[in-house]
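Open the model in your viewer and keep the selection panel at hand. This tour goes from one selection to the next.

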Amino acid sequence: MELENSPNFASTHSVIRKLRKIDDWTPEEREVLLQTAEKNSQVYSVLQDPDIREFYRGILGKIHPLTEEARKIKEIIENRKS
């Protein structure tokens, strides 16, 4: 919820630091995190920042097969220019 409601870039980075300590996300939680990356402009705008990108790569690495949402975020992370 904290990430979904992140109002600015500093908050987004702070929340991601906390979330990176968690490794056992349920499939539903992963999907919410991916939806947040796409729908929250603060998160979306910093997907190429190293800490945010690595967090989402870790999430994506545990989704098999990739959902539609996961494919969108993977494409953004891999193809968007910084």
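The stops below cover one helix, its neighbours and the core they share.

**Before you start.** This is a predicted model: local features need pLDDT of at least 70, side-chain atom pairs count only at pLDDT 80 or more, and totals for chains, interfaces and linings use all residues. Residues are numbered from 1 along each chain as its sequence is written, and side-chain values use heavy atoms, with hydrogens and water left out.

**Stop 1: α4.** Select residues 50–60, helix α4. Helices here are DSSP runs (H or I, at least four residues), numbered from the N terminus. Now pick out Asp51, Ile52, Arg53, Phe55, Tyr56, Ile59 and Leu60, which are buried (under 20% relative accessible area, 1.4 Å probe, protein chains only). The buried residues of α4 pack against α1, α2, α3 (41–45) and α5.

**Stop 2: α2 against α4.** Add α2, residues 27–39. The two axes come within 10 Å and cross at roughly 140 degrees. Axes are lines fitted to C-alpha atoms over the stretch in contact, and angles run from 0 to 180 degrees between N-to-C directions. That makes α2 oblique to α4 (oblique is what remains after under 35 degrees, roughly parallel, over 145, roughly antiparallel, and 65 to 115, roughly perpendicular). The crossing is left-handed (the near helix is turned anticlockwise from the far one by less than a right angle). Show side chains: Arg30, Leu33, Leu34 and Ala37 of α2 make the contact with Phe55, Tyr56, Ile59 and Leu60 of α4. Contact means heavy atoms within 4.5 Å. Of these residues, 7 are nonpolar, none polar and 1 charged (Ala, Val, Leu, Ile, Met, Phe, Trp, Tyr, Cys and Pro count as nonpolar, Asp, Glu, Lys and Arg as charged, the others as polar).

**Stop 3: α1 against α4.** Swap α2 for α1, residues 9–19. The axes of α1 and α4 come within 10 Å and cross at roughly 40 degrees. α1 is therefore oblique to α4. This crossing is left-handed too. Thr12, His13, Ile16 and Leu19 meet Asp51, Ile52, Phe55 and Tyr56. The split is 5 nonpolar, 2 polar and 1 charged.

**Stop 4: the core.** Which residues have the most contacts inside the largest nonpolar core? Select Leu3, Leu19, Leu33, Leu34, Phe55, Tyr56 and Ile73. The core has 21 residues (buried Ala, Val, Leu, Ile, Met, Phe, Trp, Tyr and Cys joined through side-chain atoms within 4.5 Å). α1, α2, α4 and α5 (68–79) each supply at least two. α4 gives the most, with 5.

**Last stop: Leu19.** Leaving aside neighbours within four places in sequence, Leu19 is in contact with Leu3, Trp25, Leu33 and Phe55.

Conventions. Buried < 20%, exposed > 50% of the residue type's maximum accessible area, 1.4 Å probe, protein only.
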